[in-house]
Amino acid sequence: MNNKFLLNCLMLIFLPGFFIACSDDKAEGLTPEKAIATYSNKLSTPANANQLTFMYSGHEMIGKDIYFETPDGSTATLTLMYVFPNQPETVLENVQLAKQADENGYSFSGTATTTQGIGLSYEGVVTEGKLSLTLSDIQYPTNSLTQTKNWKVVHNAEVESYREQDAGSGRYITYYTYTRTAHTEIGTTNGLLSTLNGMILNPLLSNIFSLTLDQVNFLEDGNVTISYAGLPEETPISSMLMSYVTDERPASVWQTSPVNLATYYLEDDTVLYVLPHIDMIIQQIRNASTKASPLDDLDTQSLLALYAKLNKWSTEGIRLIVKPNPYKEYITASSISQQRQAGDYLLYIDKSEIQEIFALLDLLPLFLDEQTMTAPLSYVLAGMGLNIPEEYQALIDMLLGNMTLETLLIQLQQELDGGSFDIGLFLNK
């Protein structure tokens with residue numbers, strides 16, 4: 001009896017404290033200490049990490065890290081990492097927090113202007129292990145690109161010409177207008193790439209760009225989108241190698257790329273940086289492809305290797321030059337001819353990016369097997385199904401010989417290091 005009486009007394013003493021403690025834990029909910037964390041939605045983020053749901057201009061954006069910090073549960077600081085171009089960190093300070101009714105999280109909303117003068121509205125909720133953030137009404141400062149907004153790609157067209165007698169010399173001069181999509185000037189004067197450029201590379205790139213790109217759009221929220229189409233099935237790659245395809249495609253084939261795949265910023269009136277959002281692009285390729293893609297097999301380690309190689313482009317951007325078309329007016333080609341190239345502007349990749357381009361080539365083993373890398377290029381081209389016209393096959397064999405993809409890339413890098421490197425598009429306002 002005494003033991004039972006003692007047990008009852010102990011229960012009376014400790015049970016109220018137990019229930020009080022439980023009640024306090026429930027009331028406490030999400031504490032500031034638990035909320036402080038880096039939240040991520042990268043493809044390489046582990047499943048047990050703090051998860052981020054991020055919306056930019058009404059659409060999901062993945063591949064980002066956001067650090068949330070609150071000292072007292074009343075105000076917070078959010079650090080957005082590489083969300084805006086040329087801003088490794090965008091800090092939203094003095095964000096006012098409101099505890100949710102169930103006390104398991106904080107909600108917040110407000111407006112801000114970044115150090116680059118980008119205006120935005122934000123709202124979000126943080127709960128244990130999860131952060132949801134939406135950015136809207138994003139407005140970049142007005143610039144020369146957004147003033148035009150939609151830049152039309154110059155499509156391949158037949159060469160136009162007319163003949164006129166020069167009043168001074170009496171000689172007849174022919175005036176040619178070339179309408180080509182791509183501008184390519186690559187390699188040392190007598191190098192392999194320089195030889196291949198005019199014969200194969202410029203027609204190939206002009207045809208691919210002309211047939212697949214219609215417009216480049218620079219939006220007020222910093223997004224870059226394109227109007228694009230797939231290559232027409234009736235136009236084989238082999239027909240693009242040596243001549244210019246001038247067929248006009250119907251308006252119905254063009255579609256606009258999703259937002260949040262790339263953003264941009266202007267350094268000045270001529271220097272433009274475009275930042276590809278790597279995770280978004282990988283996800284888009286996976287979602288859009290009806291066939292198996294090499295990207296489908298990338299594990300976390302391969303993704304990290306891809307991040308490392310693309311780090312400069314995905315954090316600092318691809319450096320591009322935009323300038324008035326220097327070939328728009330007639331220039332003397334010979335004593336009896338003058339020529340020009342159609343287009344208002346030329347947009348091309350800066351040569352400073354060449355090392356990044358060859359850094360990307362180190363990733364080829366992720367997508368190509370060793371046999372493809374070390375086999376003679378003639379076998380590789382045959383395996384691709386390219387039907388090269390017989391009249392050109394001997395010339396290509398002479399230029400490429402028994403080169404493999406590996407040896408070709410090494411030689412090209414050497415030539416590019418010592419020569420010119422301009423690849424770009426002609427655009428109209």
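## Packing of helices H4 and H13

In this predicted model, helices H4 and H13 are roughly perpendicular to each other, because an angle between 65 and 115 degrees counts as such. The angle between H4 (residues 192-212) and H13 (residues 405-418) is about 95°, and their axes lie 9 Å apart.

On the H4 side, the contact is made by Leu192, Leu193 and Ser194. Helix H13 contributes Leu408, Gln411, Leu412, Glu415 and Leu416. Sorted by class, the contact of H4 with H13 comprises five nonpolar, two polar and one charged residues.

## Nonpolar cores

The largest nonpolar core contains 44 residues. Within this core, the residues with the most contacts are Phe218, Tyr264, Leu272 and Leu320. Helix H4 gives the most to the core, namely six residues.

Leu272 illustrates how distant positions in sequence are brought into contact. When neighbours within four places in sequence are left aside, Leu272 touches Leu145, Phe218, Tyr264, Tyr265, Leu266, Ile318, Arg319, Leu320 and Leu347. Apart from the largest core lies another one, of 32 residues. Among its members are Ala37, Val83, Val95 and Leu133.

## Salt bridges of Lys149 and Lys152

The structure holds six salt bridges. One of them pairs Lys149 with Glu220, the closest N and O atoms being 3.9 Å apart. This pair links distant parts of the chain, with the two positions 71 residues apart in numbering. Lys149 is in the loop between helix H3 (144-148) and strand S11 (150-153), whereas Glu220 is in the loop between strand S15 (213-218) and strand S16 (224-228). Lys149 has a relative accessible area of 30% and is therefore partly exposed. Glu220, at 31% relative accessibility, also counts as partly exposed.

A salt bridge also joins the side chains of Lys152 and Asp214, with an N to O distance of 3.0 Å. Here the link runs from strand S11, which holds Lys152, to strand S15, which holds Asp214, and the two residues are 62 residues apart. Lys152 is partly exposed, with a relative accessible area of 34%. Asp214, by contrast, has a relative accessible area of 12% and is buried, because the cut-off for burial is under 20%.

## The network around Arg319

Arg319 and Glu267 meet through their side chains in a salt bridge of 3.9 Å, N to O. Arg319 belongs to strand S20 (residues 318-324). Glu267 is in the loop between strand S18 (262-266) and strand S19 (271-276), and the pair, 52 residues apart, links distant parts of the chain. The relative accessible area of Glu267 is 47%, so this residue is partly exposed.

Salt bridges that share partners join Glu267, Arg319 and Asp350 into one network. Arg319 is also among the residues in contact with Leu272.

## Asparagines with positive phi

Asn94 has a positive phi of about 55° although it is not a glycine. This residue is placed in strand S6 (residues 87-96). With 54% relative accessibility, Asn94 counts as exposed, because exposure is assigned over 50%.

Asn260, likewise not a glycine, has a positive phi of about 70°. The residue lies in the loop between strand S17 (255-256) and S18. Asn260 counts as buried, at 0% relative accessibility.

How values were computed
Residues numbered from 1 in each chain as written. Predicted model: local features only at pLDDT ≥ 70, side-chain atom pairs only at ≥ 80, totals over all residues. Heavy atoms only, no water. Axes fitted to C-alpha atoms, helices over the stretch in contact; angles between N-to-C directions. Helix = DSSP H or I, 4+ residues; strand = E, 2+ residues; numbered from the N terminus. Parallel < 35°, antiparallel > 145°, perpendicular 65-115°, else oblique. Contact = heavy atoms within 4.5 Å. Nonpolar A, V, L, I, M, F, W, Y, C, P; charged D, E, K, R; others polar. Salt bridge = Lys/Arg side-chain N within 4 Å of Asp/Glu carboxyl O. Buried < 20%, exposed > 50% of the residue type's maximum accessible area, 1.4 Å probe, protein only. Core = buried A, V, L, I, M, F, W, Y, C linked by side-chain atoms within 4.5 Å.
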